[in-house]
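Thanks for coming, everyone. I'd like to walk you through one structure today, element by element, so have a look at the screen and follow along.

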Amino acid sequence: MMKKMTAILLCMFMILSLAACGNSGSGAGQPSTGGNFVEKQTDSNTMPENSSTGNTESVSAPESQPEGTEASEAQGTKVLVVYFSATNTTKGVAEHIANGLSADIYEIVPEEPYTDADLNYHDNNSRTTIEMNDPNARPGISGSVENMEQYDIVFIGYPIWWGEAPRIVSTFVEGYDFSGKTVVPFCTSGGSGIGSSATNLEQLTDGANWLTGKRLNGGDSQDTVMEWVNSLGLDF
Ligand SMILES: Cc1cc2nc3c(=O)[nH]c(=O)nc-3n(C[C@H](O)[C@H](O)[C@H](O)COP(=O)(O)O)c2cc1C
């Protein structure tokens, strides 16, 4: 009887102990379960579902990463090669420069094209003779450079006409703001040097840094032309 009572008491004690364990188990597990839940919730919040977290990431990225990219793009030197060419000699040289530098190229196209008769320098009454005899002649240009302000360095090429740059090149340089730009004049000719043609053009602009110009040969190879370009000491 005593044994039976002891067994019953033992059973009751075990039942009570188990019950207590169960309670304390869930109590002790809650932070951990709660923690897991919170973690899960955090996971799901930070990753796919909560777009505000994504926004935070994409906001912080532009602040650090592309800022440098933008800055380096902004610091990159932009080059434009401008030329006038009545019979394509200067055009070939201009293309060598533009190709060698991967630069933009712009042709000064006359509103009224020059005919063979216009180019006849033996004729005192030809269009070119009349224009070159008049320092104020400003033949019209068809079209214009887009966003000239983006260029830091502007090469300007032309044929020598009567020792000077054709008047249409004067029309061009007077038509834009060159302040802060580096200008590199070059020419082709039948034999004359660049002479004062470039310094006369320079006087038509304000605030530009004109480098010493160079006469090049129409038959110069790209390598020869680029040797001169690279000798200028410019940071392309
Ligand atoms: C009206 C006119 C005047 C020229 N005057 C000169 C000159 O004074 N000195 C010279 O060496 N060549 C002179 N030339 C030759 C050109 O400068 C030369 O042919 C030049 O390379 C042509 O370039 P382009 O084909 O790009 O027009 C003259 C040509 C023309 C049409």
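Let's start with helix 5, residues 167-174, which is mostly covered: six of its eight residues are buried. One thing to keep in mind as I talk is that this is a predicted model.

So which residues of helix 5 are the buried ones? They're Arg-167, Ile-168, Val-169, Ser-170, Phe-172 and Val-173. And what sits over them? The cover includes strand 1, strand 3 at 109-110, helix 4 at 127-132, strand 4 at 141-142, strand 5 and helix 6 at 197-202.

Let me stop at Arg-167, an arginine placed in helix 5. Is Arg-167 buried or exposed? Arg-167 has 20 C-beta neighbours inside 10 Å, and 20 is where buried begins, so Arg-167 counts as buried. If you leave out residues up to four places away in sequence, Arg-167 touches Glu-131, Met-132, Ala-137, Arg-138 and Pro-139. There's also Pro-135: it's 32 residues from Arg-167 in sequence, yet the two C-alpha atoms are 7.5 Å apart in space.

Okay, over to the strands. In strand 5, residues 153-159, seven of the seven residues are buried, so the strand is largely enclosed by the rest of the structure. You can split strand 5 by direction: Ile-153, Phe-155, Gly-157 and Pro-159 point one way, while Val-154, Ile-156 and Tyr-158 point the other, and all of them are buried.

Which strands does strand 5 pair with? One of them is strand 1, which runs parallel to strand 5 and is joined to it by five bridges. If you want a pair to click on there, Val-79 has Ile-153 as its bridge partner in strand 5. Another is strand 6, again in the parallel sense, this time over seven bridges. Here Tyr-158 has Cys-187 as its bridge partner in strand 6, and Pro-159 stands opposite Thr-188. Strand 6 itself has six of its seven residues buried, so that strand too is largely enclosed by the rest of the structure.

Now the ligand. There are 21 residues around it, and the ones that come nearest are Ser-85, Thr-89, Thr-90, Pro-159 and Gly-190. You've just met Pro-159, on the strand 5 side of that pairing with strand 6. What's the shell made of, by class? It has seven nonpolar, 13 polar and one charged residues. And where does the largest share of the shell come from? That would be helix 3, residues 89-101, with three residues.

So let's look at helix 3. It has 13 residues and reaches 19 Å from its first C-alpha to its last, close to the 18 Å expected at 1.5 Å a residue. Its buried residues are Thr-90, Val-93, Ala-94, His-96, Ile-97 and Leu-101. Looking down the axis of helix 3, those buried residues fall within an arc of 155 degrees, so they line one face of the helix. Thr-90, then, is buried and is also among the residues nearest the ligand. As for what covers the buried residues of helix 3, that includes strand 1 at 79-83, strand 2 at 104-107, strand 5, strand 6 at 182-188 and helix 7 at 222-230. Strand 1 and strand 5 were on the helix 5 list as well.

A quick word on backbone angles. Most residues other than glycine have a negative phi. Here are some that go the other way. Asn-88 has a positive phi, near 75 degrees, and its place is in the loop between strand 1 and helix 3. With 11 C-beta neighbours inside 10 Å, Asn-88 counts as exposed. At the other end, helix 3 is followed by Ser-102, whose phi is also positive, near 50 degrees. Then there's Trp-162, with a positive phi of about 50 degrees, in the loop between strand 5 and helix 5. Trp-162 is partly exposed, with 13 other C-beta atoms within 10 Å.

Last bit, zooming out. The protein chain has seven helices and eight strands. Of its 236 residues, buried ones make up 24%. And if you take the contacts in the chain with a separation of 6 or more, residues 24 or more positions apart account for 77% of them. Arg-167 and Pro-135 are an example of residues well separated along the chain, at 32 apart in sequence.

That's my tour. Which part shall we pull up again?

Key: Residues are numbered from 1 along each chain as its sequence is written. This is a predicted model: local features need pLDDT of at least 70, side-chain atom pairs count only at pLDDT 80 or more; totals for chains, interfaces and linings use all residues. A residue is near a molecule or strand if its C-beta atom, placed from the backbone, lies within 6 Å of it. Helices (H or I, at least four residues) and strands (E, at least two) are DSSP runs, numbered from the N terminus. Ala, Val, Leu, Ile, Met, Phe, Trp, Tyr, Cys and Pro count as nonpolar, Asp, Glu, Lys and Arg as charged, and the others, Gly among them, as polar. The expected span of a helix is 1.5 Å times one less than its number of residues. A residue is buried if 20 or more other C-beta atoms lie within 10 Å of its own, exposed if 12 or fewer, and partly exposed in between; C-beta atoms are placed from the backbone. The arc is that of the directions from the helix axis to the C-beta atoms. Two residues are in contact if their C-beta atoms, placed from the backbone, lie within 7 Å. Two strands pair if DSSP finds at least two bridges between them.
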